[in-house]
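These are my notebook entries on a structure that I am opening for the first time. I set out to look up burial, contacts and charged pairs.

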Amino acid sequence: MSYLQKIISTGFIVVFYATSYSQTKDTTALKEITINGIKTVNGVGYLLESKDGIIYAGKKNEVILVDSLDANKALNNTRQILGRIPGLNIVETESGGFTANGVATRGLNPSQSVEMNTRQNGYNISADIYGYNEAYYLPPMEGVSRIEMVRGAASLQFGSQFGGLINYVTKDAPLNKPFEFTTAQTMGSNRLFNSFNAIGGNYKKWRYYSFVQYRSTDGYRPNSEQTQVSGFGKIQYNHSDKLNFGIEYSLLRNKIKMPGGLTDEQFKSNPQQSTRARNWLKSPWNIITAYANIFPALNSIISFKTTFLISSRALVWRNEDGGAEAIDGIDPATNKFVPREVGIENMNNSTTEIRYSQKYSLGKQQSTLAGGIRHSYGWFTRQGGGEGTTGSDFDLSIKGNWGYDLDFTTTNVAPFIENIFKISSNFTITPGLRFEYLKSTANGNKEVDGDILISNEVRHRTFALGGIGMELKPTKNTSIYANFSQAFRPIDYSQLEPFGVTSKIDPNLKDSKGYNSDLGFRGTIKNYLNFDIGAFYLAYDQRIGITLEPDPITGDYYSVRKNIANSIHKGIESYVEFNIIKYFNPQSKYGLSVFDSYAYINAEYTNGDFKGNRVEAAAKTINRVGLIFSTRKLSTTLQVNYVGDAFGDASNAYSSEDPVAGYIPSYTVLDWSGSYKFSPFSLNFGINNATDTPYFTRRTDEYPGPGIIPAVGRSFYLGFTAKIQ
């Protein structure tokens, strides 16, 4: 056991199996110990070549160990928790009417993480990975063990997204304990109250873990109060060392008041003001997953996961008519407010993934084969434009008919395969291939300018995505990696909707396609240096948008939704963390680290009407610098976040009557957080946006605006955590 403790002390997270042994009179034959780990210096590291039957060799990846971070986890402060990912662009709108902040990398669209493959414990948690890939639910960070991120090359084993994979891995049952209880209570600015409570343990062959989080806050702006309950439960039965299986359930229940968007003038005069007092949102989320892991032979894994997502989004609001400057006041003619608009969306999907992995000898080296198949069916209904009440409470009743009533489905079948060919002890080549079959349908009607437009679309697509990765390890703890991987983004549900009487959808509308490529150098040096420096090139072809075209007979112009432009995203990504004290004294009980997470991103359109313009929401420079001091009991982090300027739309207009178009200025935000541990308790404290900088990260044309959605100003928090076992 002392040998294993020495391994742990070097900075690895260790999972090992040594559950049985056989003994004779003269000898003892120990069962083989398999150690799978994440190399890390201070909370940030990278994944092994393969783990749990999934290949990561040659791919740019990061893993964040959540418990090791000083951060406001009660509010899921994304820039503190994920800020060390180079180039991560964060839409900070959670307090403005969205249920979760969105993220993206490399100049892609961060809204609701639509360009990412968002997962929890390896299964999808977004509404519909192809038709409506928006993440309304994320697990509370207090219940998350680690966050795994794989850049664009994730398309081969997880999906086709340009942005790659982000996987939130929840905490698990504590080892060798029948029961453990954890509670964390946090209070803060804007009447924040957060209560997180978890239990877990082992009993014979059973393992269980569960948490419940309750959070309420009045929000940074008036009319932005919200309450939320998140829950998770997992139970696993370890039948033998060759078989385990279990079931998981996640839920979200919330009620959010949406304060509306602002014009540029309103934001400059007072970013805390609210233009709406009658806007509400609910988005209940339910995810049920059953899984089994089979180990039929040495170095073989077969895994099954079947997930059912049953969720919805319902909102009642003073809609976008008139823009952010429209006053939501009482009409003198009726002595009432104007009727609100009601919308209800139901999101259901089922997904099954079967994976197989086998390590085998090829020459003198051990190679790895990983493959599988994914099947999913999504059913999405959208009803909206209904005339709601003139009241101010959450009331979804409508008068008359829906303005639109649409029904969408997506069927996807995708087999995939990858293989690590280990050419030598320090060089691997990993080719991969993924086939995709997609069928999407759209049916229903929509009223536009008094006319009823009918949608009746069926589309079938079959295609392949290929990729290859290479990794060379000059030393034991450093590697040079290179990767190329194709990607695509299919036509989503909103792009299949009828959208105007004199408008058209191009019958030859195609999915967006392109590729990601990486070249980088990463590694660790003892326990004082962690680095990953690389360059990327991303091609995004056939972006879908709306443009005007003349009628060949009448010459009149009409709007058409079509593939209008290509874009190129290129730049550098760098993460360096240096522990000054450990460099001079490796055995010191103290730590003083400096980290720099930097990215330069040049994302531009290369053809069409916007040739030479910057891609919307793409900041050229994102830099986060931090200072970490730690002792055995105290840990504290000071982080400076700089995000460069961007534009709200592809026209790169600095100002416009269109609420989504306009300039998004650069900003610098300072966060400080810390914790003090005195077993079995700990205190957590901090200040977010310490300089009270007014800034925003998003313009929106409708929900939850329209207009600018301000980010949160200065806020404080204080909490405590206790473990009882």
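Entry 1. Before reading any burial value, I fixed the cut-off: a residue is buried when its relative accessible area is under 20%. I also noted that this is a predicted model.

Entry 2. I looked up S675 and found it in strand 39, which spans residues 667–678. Its relative accessible area is 11%, so S675 counts as buried. I then asked which residues S675 is in contact with, leaving aside its neighbours within four places in sequence. The list reads D70, K633, L634, S635, L683, N684 and F685.

Entry 3. I turned to charged pairs. Side chains of opposite charge can pair when their charged atoms come close. I took a salt bridge to be a side-chain nitrogen of Lys or Arg within 4 Å of a carboxyl oxygen of Asp or Glu. By this rule I recorded 40 salt bridges.

Entry 4. I examined R106 and E573, whose side chains meet in a salt bridge with an N to O distance of 3.0 Å. This pair links distant parts of the chain, 467 residues apart. R106 sits in the loop between strand 9 (102–104) and strand 10 (117–120), while E573 belongs to strand 33 (residues 557–579). Are these two residues buried or exposed? R106 is buried, with a relative accessible area of 1%, and E573 is buried at 2%.

Entry 5. I returned to E573 and found that it also forms a salt bridge with R151, the closest N and O atoms being 2.8 Å apart. R151 lies in the loop between strand 12 (144–150) and strand 13 (165–170) and E573 in strand 33, so the pair ties together parts that are 422 residues apart in sequence. R151 is buried as well, with a relative accessible area of 1%.

Entry 6. I asked which residues are linked with R106, R151 and E573 in a network of salt bridges. The network also includes K60, E62, D518 and D532.

Entry 7. I next looked up D218 and R191, whose side chains meet in a salt bridge at 3.6 Å, N to O. The two are 27 residues apart. D218 is in the loop between strand 16 (206–217) and strand 17 (226–240), and R191 is in the loop between strand 14 (180–188) and strand 15 (192–203). I entered D218 as partly exposed, at 32% relative accessibility. R191 I entered as exposed, at 65%.

Technical notes: Residues are numbered from 1 along each chain as its sequence is written. This is a predicted model: local features need pLDDT of at least 70, side-chain atom pairs count only at pLDDT 80 or more; totals for chains, interfaces and linings use all residues. Side-chain values use heavy atoms; hydrogens and water are left out. Helices (H or I, at least four residues) and strands (E, at least two) are DSSP runs, numbered from the N terminus. Buried means under 20% relative accessible area, exposed over 50%, partly exposed in between (1.4 Å probe, protein chains only). Contact means heavy atoms within 4.5 Å.
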